[in-house]
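Here are a few exercises for getting to know a new structure. Try each one with the model open beside you, then compare your route with the worked solution.

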Amino acid sequence: TEQEAPSTDLITLTRHILAQQQALGEKASGELTLLLIGIQVTSKYIASQVRKARLINLVGLAGDSNASGEEQKKLDVLSNDIMVNALRASGQCSVMVSEEVEDAIVVTGRSKGTYCVVFDPLDGSSNIDAGVNVGTIFGIYKVAPGSKGSVEDVLRPGKEMVAAGYTMYGSSCNLVLTTGQGVDGFTLDESLGEFILTHPNIKIPSRGKIYSFNEGNSLFFHEPTLKYLESIKYPKNNKPYSARYIGSMVADVHRTLLYGGIFGYPGDKKNKDGKLRMLYESFPMAFLTEQAGGVATTGSRRILDVSPTHIHGRCPVFLGSKEDVEDLQKFYNAWE
Ligand code: AHM
Ligand code: MG
């Protein structure tokens, strides 16, 4: 059989971002485009570092018994430094918040821009020794009108974000992005060094068959979480949901976006706000979920409406297929 001719009209991430900018006409200054192009370069760099670290781990390339453990730990810090440096250099960034850094980083001097980027440079890194998927999560705010750029500019509800996304470092490297005009997924073509549009206009199925919770915490779960889980494990129609939990948010949310179902990290008796951090975990994923036609709630309210009071603050998360999350919501409504 003949081989299919290669496409001569690839849609790269840069081309896609430029097209979205052009669609906005004169309203768009091109600054967000520059910022997003900066972020995609960091993802390529982190992807190559994660891959190398895995190789060191798997075949002991470093030859030093100590190398793998320490190398892995350093990967968080390395990814953070890659992002901080690139975002500063983009000239578009005013404030940065990173999971790895205690305080907000305020950019000063000539490279100061008008956007704020909140990010988790390498989420799920505790899994990395086992070769499990990890990822970078990011959200972007525009500094408030009149503000010179301060921590106040990121202590705003997620609905004010202008863009959000994640990059998953797995068997392939995927970048999933929203600028508020739907959700698009890109796959890194390593031979080109470019992210290519492979999943245009991602829409979450309105109902799924998968639930993704750390059920090991059941002892501490509140009643509505437990009752909901029971309802999908022992349903009247004898078609229980499947359980899938990787323990790496980017991978669990990526699967939920593509296949549908529900992902949850509830608030419970031990941790009232759960585990996931609002700014750089819950908000970006909630923004993507809504843009893909899904629902994201804390159980009692829409995640994107929550106002953070602290840059590393947490909130409970349930997100995914509209009907599945609405089912869960019913248990919470009845409880409160
Ligand atoms: P991290 O930022 O310390 O890596 O923790 C966040 C991760 C998420 O990727 C994942 O959804 C969650 O922690 C899993 O937590 P648990 O191990 O408690 O189930
Ligand atoms: Mg994290």
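**Exercise 1. Find the residue opposite Asp 189 in strand E8, then describe how the two strands are joined.**

Step 1. In this predicted model, Asp 189 stands opposite Glu 194 in E8.

Step 2. Now look at the whole pair: strand E7 (residues 183-189) and strand E8 (residues 194-199) run antiparallel and are joined by five bridges.

Step 3. Follow the chain from one strand to the other. E7 and E8 form a hairpin with four residues between them. In the turn, Gly 193 has a positive phi of about 65°.

**Exercise 2. Place this hairpin in its sheet and work out which strands stand at the edges.**

Step 1. Read off the order: eight strands make up an open sheet, E2-E1-E3-E4-E5-E6-E7-E8, with mixed pairing.

Step 2. Look for strands that pair on one side only. These edge strands are E2 (105-106) and E8.

Step 3. Check a pair further in. Strand E5 (residues 163-169) and strand E6 (residues 173-178) pair in the antiparallel sense over six bridges, and here Ala 164 stands opposite Thr 178 in E6.

Step 4. Add the helix. H6 packs on this sheet, and the strands it touches include E1 (93-98), E3 and E4 (134-142). The direction of H6 makes about 80° with that of E4.

**Exercise 3. Do the same for the five-stranded sheet, and explain why E10 and E12 each have one side without a neighbour.**

Step 1. The strand order in this open sheet is E10-E9-E11-E13-E12, and the pairing is mixed.

Step 2. Strand E10 (242-243) and strand E12 (295-297) are at the edges with a single partner strand each, so one side of each has no neighbour in the sheet.

Step 3. Take E10 and its pairing with strand E9 (residues 210-212): the two pair in the parallel sense over two bridges. Ile 210 stands opposite Ser 242 in E10.

Step 4. Helix H6 (residues 278-291) packs on this sheet too, touching E12 and strand E13 (317-320). The direction of H6 makes about 25° with that of E13.

**Exercise 4. Describe how helices H4 and H7 meet.**

Step 1. Start with geometry. The axes of H4 (residues 223-233) and H7 (residues 322-335) come within 9 Å and cross at roughly 145°. The crossing of H4 past H7 is right-handed.

Step 2. List who takes part: H4 brings Glu 223, Pro 224, Lys 227 and Tyr 228, while H7 brings Asp 327, Leu 328, Phe 331, Tyr 332 and Trp 335.

Step 3. Sort the residues of this contact: six are nonpolar, none polar and three charged.

**Exercise 5. Characterise the surroundings of ligand 1.**

Step 1. Ligand 1 is surrounded by 13 residues, and the closest are Asp 123, Gly 124, Asn 214, Gly 247 and Met 249.

Step 2. Trace them to elements: strand E3 (112-123) and helix H5 (249-259) are those that give two or more residues to the shell.

Step 3. By type, the shell holds two nonpolar, six polar and five charged residues.

Notes:
Residues are numbered from 1 along each chain as its sequence is written. Chains are lettered from A and ligands numbered from 1 in the order in which they are written. This is a predicted model: local features need pLDDT of at least 70, side-chain atom pairs count only at pLDDT 80 or more; totals for chains, interfaces and linings use all residues. A residue is near a molecule or strand if its C-beta atom, placed from the backbone, lies within 6 Å of it. Ala, Val, Leu, Ile, Met, Phe, Trp, Tyr, Cys and Pro count as nonpolar, Asp, Glu, Lys and Arg as charged, and the others, Gly among them, as polar. Two strands pair if DSSP finds at least two bridges between them. Two residues are in contact if their C-beta atoms, placed from the backbone, lie within 7 Å. Axes are lines fitted to C-alpha atoms, for helices over the stretch in contact, and angles run from 0 to 180 degrees between N-to-C directions. A crossing is left-handed if the near helix is turned anticlockwise from the far one by less than a right angle, and right-handed if clockwise.
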